[in-house]
Amino acid sequence: MTQSVVVQVGQCGNQIGCRFWDLALREHAAVNKKGIYDEALSSFFRNALLIDMEEGVVNEILQGPLRDVFDSKQLITDVSGSGNNWAVGHKLYGYQYREHIVEKLRRTAEHCDCLQCFFVIHSMGGGTGSGLGTFVLNVLEDEFPEVYRFVTSVYPSGEDDVITSPYNSVLAMKELNEHADCVLPIENESLFSIVSKIHQMTNSGKLGSTVKQNSLLTSSAGGIKTEQEKPFDAMNNIVANLLLNLTSSARFEGSLNMDLNEISMNLVPFPRLHYLVSSLTPLYTLADVNVPSRRLDQMFSDAFSKDHQLIQADPKHSLYLACALLVRGNVQVSDLRRNIERLKPSLHFVSWNQEGWKTGLCSVPPVGHSHSLLALANNTCVKPTFTELKDRFMKLYKKKAHLHHYLHIDGMEQSCFSEAISSLSDLIEEYNQLDATKSAPRTYPSRLKIAM
Ligand SMILES: Nc1nc2c(ncn2[C@@H]2O[C@H](COP(=O)(O)OP(=O)(O)OP(=O)(O)O)[C@@H](O)[C@H]2O)c(=O)[nH]1
Ligand SMILES: [Mg+2]
């Protein structure tokens with residue numbers, strides 16, 4: 001079996017990482033009745049690195065129920081944080097901790113017989129995750145050029161409380177453009193609206209009582225976490241489920257499993273266009289089901305709907321370069337084919353890749369479900385997220401607001417800002433060019449009009 005290493009950086013990265021480990025334990029406990037640490041998982045667990053430039057979140061992890069999972073050799077912390085400043089994370093702490101990071105990464109990699117992928121988890125809005133997280137990405141490329149780099153990046157919402165988040169995000173995006181193999185962008189706004197929707201459904205009288213609690217995409221039920229739910233937990237559980245699905249083929253045996261390298265190979269036709277829009281379905285499962293095949297088809301339909309996407313995007317009305325469907329549980333290849341054929345007419349694929357589908361099947365479903373689906377779309381619908389980010393950046397940058405906080409850090413120059421925004425603009429332009437090739441909406445011959 002191949003192994004992956006999870007590198008969780010900053011507050012958001014570590015909080016999501018912990019939800020992932022907790023739910024992964026729950027999942028393996030459900031499958032392996034003998035104990036929660038089966039072989040696949042314990043090799044995964046030796047393979048994490050927790051980095052934060054303040055101690056709070058990581059210390060809490062060490063004192064919480066996951067304390068037996070990680071040991072101090074897997075941690076890198078400092079005390080003061082990066083103060084929501086990309087330059088502090090990337091330039092200051094990056095150079096200060098480089099050797100330390102390399103040493104811990106090498107040690108972690110030594111535990112793997114076949115290291116296939118690094119999963120970096122971070123947010124784009126703060127200083128540590130965006131700055132040091134993308135510094136780690138550079139280090140990974142230098143030290144382990146042959147190992148894939150998948151990045152889960154949480155993008156700030158327009159109402160984010162970090163005022164400098166557009167700077168941090170744009171500076172980080174240049175690094176993602178250049179050094180990641182695949183990026184899974186997630187927007188907090190979307191996570192929030194999925195949480196609200198699930199909350200509404202489960203609290204709506206009749207339906208609420210029949211929902212399996214441990215099947216909610218937002219739920220920690222059955223995990224080892226015992227303390228009170230924290231503000232981001234429900235949102236982070238959604239991202240944890242995404243990572244569970246993505247890594248399921250590395251954690252469970254199966255003949256139709258999709259390898260991570262196949263995702264990058266098949267879904268990324270051009271090096272910089274490696275942003276994959278993800279959606280997860282179902283959001284929950286009902287306890288009594290009489291029409292399973294209808295439910296199954298609904299799961300596929302939902303994966304393409306706007307309100308299941310983990311960013312604010314509408315893939316159906318944009319252009320696909322490729323699409324992967326990663327299914328778990330009791331689903332047949334024929335179900336997959338049937339649903340692809342059913343959905344195809346409503347989707348636009350680039351002319352040179354009309355059959356750009358990649359499918360994977362892992363027979364072990366997530367806890368509480370009989371089946372689940374993760375759709376990964378390389379689709380131009382990711383563009384509005386980037387143009388909005390660019391607009392927010394330009395609003396501050398035109399006034400040179402807050403720049404002095406960045407420019408006094410060694411190695412940080414104004415050119416870093418201009419290069420970062422032009423990297424983002426170039427990326428947007430690449431998506432524009434693709435969109436321009438999208439054929440006009442299909443027109444059907446108008447009906448004959450009856451002459452009066
Ligand atoms: N989804 C989610 N978003 C989070 C979480 N924690 C923080 N954020 C978001 O992440 C951004 C702030 O980044 P943090 O991860 O807190 O910052 P950091 O990487 O620790 O960097 P510094 O604190 O500046 O050193 C904001 O957009 C927050 O809304 C979390 O647990 N889950
Ligand atoms: Mg922090």
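An oxygen atom of ligand 1 is 2.8 Å from a polar backbone atom of Gly-127. This is a predicted model. Ligand 1 sits in the largest pocket. The points below start with that ligand, then turn to single residues and to unusual backbone geometry.

**Polar contacts and burial of ligand 1**

- The backbone of Gly-127 offers a polar atom 2.8 Å from an oxygen of ligand 1.
- Ser-82 also uses its backbone: an N or O atom there lies 2.8 Å from an oxygen atom of ligand 1.
- Asn-236 uses its side chain instead, with an N or O atom 2.7 Å from a nitrogen atom of ligand 1.
- On its own, ligand 1 exposes 640 Å², and the protein buries 93% of that area.

**The shell around ligand 1**

- How many residues surround ligand 1, and which come nearest? There are 21 residues around ligand 1, and Gln-15, Asn-84, Thr-128, Gly-129 and Asp-160 come nearest.
- Three helices each supply at least two residues of this shell: H1 (10–31), H5 (128–143) and H7 (188–202).
- H1 gives the largest share, with four residues.
- By residue type, the shell holds 14 polar, four nonpolar and three charged residues.

**Two buried residues**

- Arg-149 belongs to strand S5, which spans residues 148–155.
- Is Arg-149 buried or exposed? Arg-149 counts as buried because its relative accessibility is 5%, and the cut-off for buried is under 20%.
- The Arg-149 side chain has a partner in the backbone: the oxygen of His-179 is reached at 2.6 Å.
- Met-299 is placed in helix H11, residues 292–303.
- Met-299 has a relative accessibility of 2%, so this residue also counts as buried.
- Met-299 and Cys-182 are 117 residues apart along the chain, and their C-alpha atoms are separated by 25 Å.

**An exposed loop residue**

- Ser-80 is found in the loop that runs between strand S3 (75–77) and helix H4 (86–110).
- Why does Ser-80 count as exposed? The relative accessible area of Ser-80 is 52%, and exposed means over 50%.
- The C-alpha of Ser-80 is 8.0 Å from that of Glu-55, with their positions 25 residues apart along the chain.

**A partly exposed helix residue**

- Glu-178 has its place in helix H6, residues 165–179.
- With a relative accessible area of 40%, Glu-178 is partly exposed.
- Glu-178 and Leu-325 are 147 residues apart in sequence, and their C-alpha atoms are 26 Å apart in space.

**Backbone geometry**

- Most residues other than glycine have a negative phi, and most peptide bonds are trans.
- Where is the cis peptide bond? A cis bond joins Thr-281 and Pro-282, with omega at about -10 degrees.
- Pro-282 lies in the loop between strand S7 (277–281) and H11.
- Lys-400 has a positive phi, near 55 degrees, and is not a glycine.
- His-402 likewise has a positive phi in a residue other than glycine, near 65 degrees.

**The loop with the positive phi values**

- Lys-400 lies in the loop between helix H13 (383–398) and helix H14 (403–407).
- His-402 is also placed in the loop between H13 and H14.
- Lys-400 is partly exposed, with a relative accessible area of 42%.
- His-402 is partly exposed too, at 27% relative accessible area.
- How many residues apart in sequence are Lys-400 and Ser-204? Lys-400 and Ser-204 are 196 residues apart in sequence, and 49 Å apart in space from C-alpha to C-alpha.

Definitions and conventions. Residues numbered from 1 in each chain as written. Chains lettered and ligands numbered in written order. Predicted model: local features only at pLDDT ≥ 70, side-chain atom pairs only at ≥ 80, totals over all residues. Heavy atoms only, no water. Near = heavy atom within 4 Å. Polar contact = N/O pair within 3.5 Å; in protein donor to acceptor, adjacent residues only side chain to side chain. Areas by Shrake-Rupley, 256 points an atom, 1.4 Å probe, with all protein chains shown as cover. 1 Å grid on protein atoms, 1.4 Å probe; cavity = no way out; pocket = protein on both sides within 12 Å on 5 of 7 lines; lining within 4 Å. Sits in = over half its atoms within 2 Å of the grid points. Nonpolar A, V, L, I, M, F, W, Y, C, P; charged D, E, K, R; others polar. Buried < 20%, exposed > 50% of the residue type's maximum accessible area, 1.4 Å probe, protein only.
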